[in-house]
Amino acid sequence: MDQDKVTEFLGRAMTDMAATGAAGLTVIGHRLGLYRALEEGPATPEQFAERTGCHERYLAEWLRGQAAGGYVTYDRTTGEFSLTEEQAFCLADPNGPNVPAVFLIGLGYLRAEPRLTEAFRTGEGVAWHEHSEDVFVGCDAFYRPGYVASLVPEWIPALDGVAEKLAAGGRVADVGCGLGSSSVLLAEAYPKATVVGSDYHAESIDLARKKAADAGVAERVTFEVATAQTFTGTGYDLVTMFDCLHDMGDPVGAARRVREALAPDGTWLLVEPYASDDVEENFTTVGRLYYNGSTFLCVPNSLSQPGRYALGAQAGEVKIREVVEQAGFTRFRRATESPFNLVFEVRP
């Protein structure tokens, strides 16, 4: 046995454990508004306690732990902690990368570990709605900045003729819409378009309706509780699915329903997590992030539904294409991509 390799592996494991604990500290900072408070300016733990109303001793340990991980900056000459512009953008700005949201998802799905452990033995599923609310809220908060950055500026323009249809008053079905951020973004960008969002999770749809009302687009964005196989309506110019096809027990059935719902010249915008068809090429930090989430959320949800297809979050383009072609679509292309997503244009 190579002792240097043992030491290297133990170092990797300790890094992972440190990150696991840091996830909890990051969520605490998010829930208490500590990052936004620290964005106001440097502070010692005593000053920070006065600013936030939280207990000084807890804050001191939190600040030191955050500084040890590089999430907070420490000035040894003054004893003050602060956020750089970049740290504040990632941790305190909800329209930035929203790093706390990904940890909110992780802590949320880890609560299901006992059930998932048993599911490994039995093969039973764990449905999406059976998870903590932190999973639903965290997913929306984490994915939204990426949609803000890419959906209207990049993904829609990459589709042939779709932007023009929406600008003229197109009809959109946003399937698997979750809390409705994507639906609202489309309505805000295209004031003449109408959007129907659907999701099987009633609690998410309740939050989506509130989000649309708060954004002032409720007259053009409606929501329904429905599965991807049963959402209503036909003649849609655009059907969208964002990071959800791989969660479905029957993705082929969902794809067939999309084909029925599209207008003859309609387009299906299918956005999936970035993945290579070569499994080993997914052995990256992003791939690991997705495999972890897929094991806790995506595969168990699929196995809880009829069909039990279980694509998983790292399915890759070949498997996605197989689903699309089984449903009868004849045109499928990768329209664009990002470090986190593959974006496909699908047509009948």
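This report walks through charged pairs, a charged surface patch, an annotated domain and a few single residues in a predicted model.

## Salt bridges: the overall picture

Let's start with charge. Side chains of opposite charge can pair when their charged atoms come close. How many salt bridges does the structure hold? The count comes to 19. A few of them are worth a look one by one.

## A pair within one helix

Find helix H4, which covers residues 56-68. Here Glu-61 and Arg-64 form a salt bridge, and their closest N and O atoms are 3.8 Å apart. That fits under the cut-off, because a salt bridge needs a side-chain nitrogen of Lys or Arg within 4 Å of a carboxyl oxygen of Asp or Glu.

Why can these two residues be described as about one helical turn apart? They sit 3 residues apart in the helix, so about one turn separates them. What about exposure? Glu-61 is partly exposed, at 45% relative accessibility, and Arg-64 is partly exposed too, with a relative accessible area of 47%.

## A pair that links two helices

Now for a pair that reaches across the sequence. Asp-140 and Lys-211 meet through their side chains in a salt bridge, with 3.3 Å from N to O. Asp-140 belongs to helix H8 (residues 133-155) and Lys-211 to helix H11 (residues 202-215), so this pair ties together parts that are 71 residues apart in sequence.

Is Asp-140 buried or exposed? With a relative accessible area of 15%, Asp-140 is buried, because buried means under 20%. Lys-211, at 25% relative accessibility, counts as partly exposed.

Cys-139 is also found in helix H8. Like many things in a fold, its position is easier to see in 3D: the C-alpha atoms of Cys-139 and Leu-179 are 9.0 Å apart, while the two residues are 40 residues apart along the chain. Cys-139 counts as buried, at 14% relative accessibility.

## A network of charges

Some salt bridges join up. Which residues are linked in a network of salt bridges? They are Glu-317, Arg-321, Glu-325, Arg-334 and Glu-337.

Zoom in on one link: the side chains of Arg-334 and Glu-337 meet at 2.6 Å, N to O. Both ends have some exposure. Arg-334 is partly exposed at 32% relative accessibility, and Glu-337 is partly exposed with a relative accessible area of 38%.

## A negative patch on the surface

Next, look for a group of like charges. Asp-277, Asp-278, Glu-280 and Glu-281 gather in a surface patch of negative charge. Where is Asp-277? Asp-277 sits in the loop between strand E7 (262-273) and helix H13 (285-303), and Asp-277 is partly exposed, with a relative accessible area of 44%.

One member of the patch, Glu-280, also gives us a distance to try. Its C-alpha atom is separated by 37 Å from that of Leu-83, and the two residues are 197 residues apart along the chain. Leu-83 is placed in the loop between strand E2 (80-82) and helix H5 (85-91). With a relative accessible area of 14%, Leu-83 is buried.

## The annotated domain

An unreviewed UniProt entry carries the annotation "domain: Methyltransferase" for residues 168-288. In the model, that span is 31% helix and 29% strand. The C-alpha atoms at the ends of the span lie 42 Å apart.

Glu-219 is in the loop between H11 and strand E5 (221-225). Glu-219 is exposed, with a relative accessible area of 80%. Its C-alpha atom and that of Val-195 are separated by 9.7 Å, with their positions 24 residues apart along the chain.

## Two backbone angles to spot

Last stop: the backbone. Most residues other than glycine have a negative phi. Asp-243 has a positive value, with phi near 55°. You'll find Asp-243 in the loop between strand E6 (236-242) and helix H12 (251-261), where Asp-243 counts as buried at 9% relative accessibility.

Arg-308 also has a positive phi, near 50°. Arg-308 lies in the loop between H13 and helix H14 (317-326). Is Arg-308 buried or partly exposed? At 40% relative accessibility, Arg-308 counts as partly exposed.

Conventions:
Residues are numbered from 1 along each chain as its sequence is written. This is a predicted model: local features need pLDDT of at least 70, side-chain atom pairs count only at pLDDT 80 or more; totals for chains, interfaces and linings use all residues. Side-chain values use heavy atoms; hydrogens and water are left out. Helices (H or I, at least four residues) and strands (E, at least two) are DSSP runs, numbered from the N terminus. Buried means under 20% relative accessible area, exposed over 50%, partly exposed in between (1.4 Å probe, protein chains only). Patches are made of residues with over 30% relative accessible area and no salt bridge: like charges are joined within 9 Å, nonpolar side chains (Val, Leu, Ile, Met, Phe, Trp, Tyr) within 5 Å. Accessible areas come from the Shrake-Rupley method with a 1.4 Å probe; for residues, only the protein chains shown count as cover. Lys and Arg count as positive and Asp and Glu as negative; His and the chain ends are not counted. The place of a charge is taken as NZ of Lys, CZ of Arg, CG of Asp or CD of Glu. UniProt positions are given in the numbering used here, feature names are shortened, and annotations may be inferred rather than shown by experiment.
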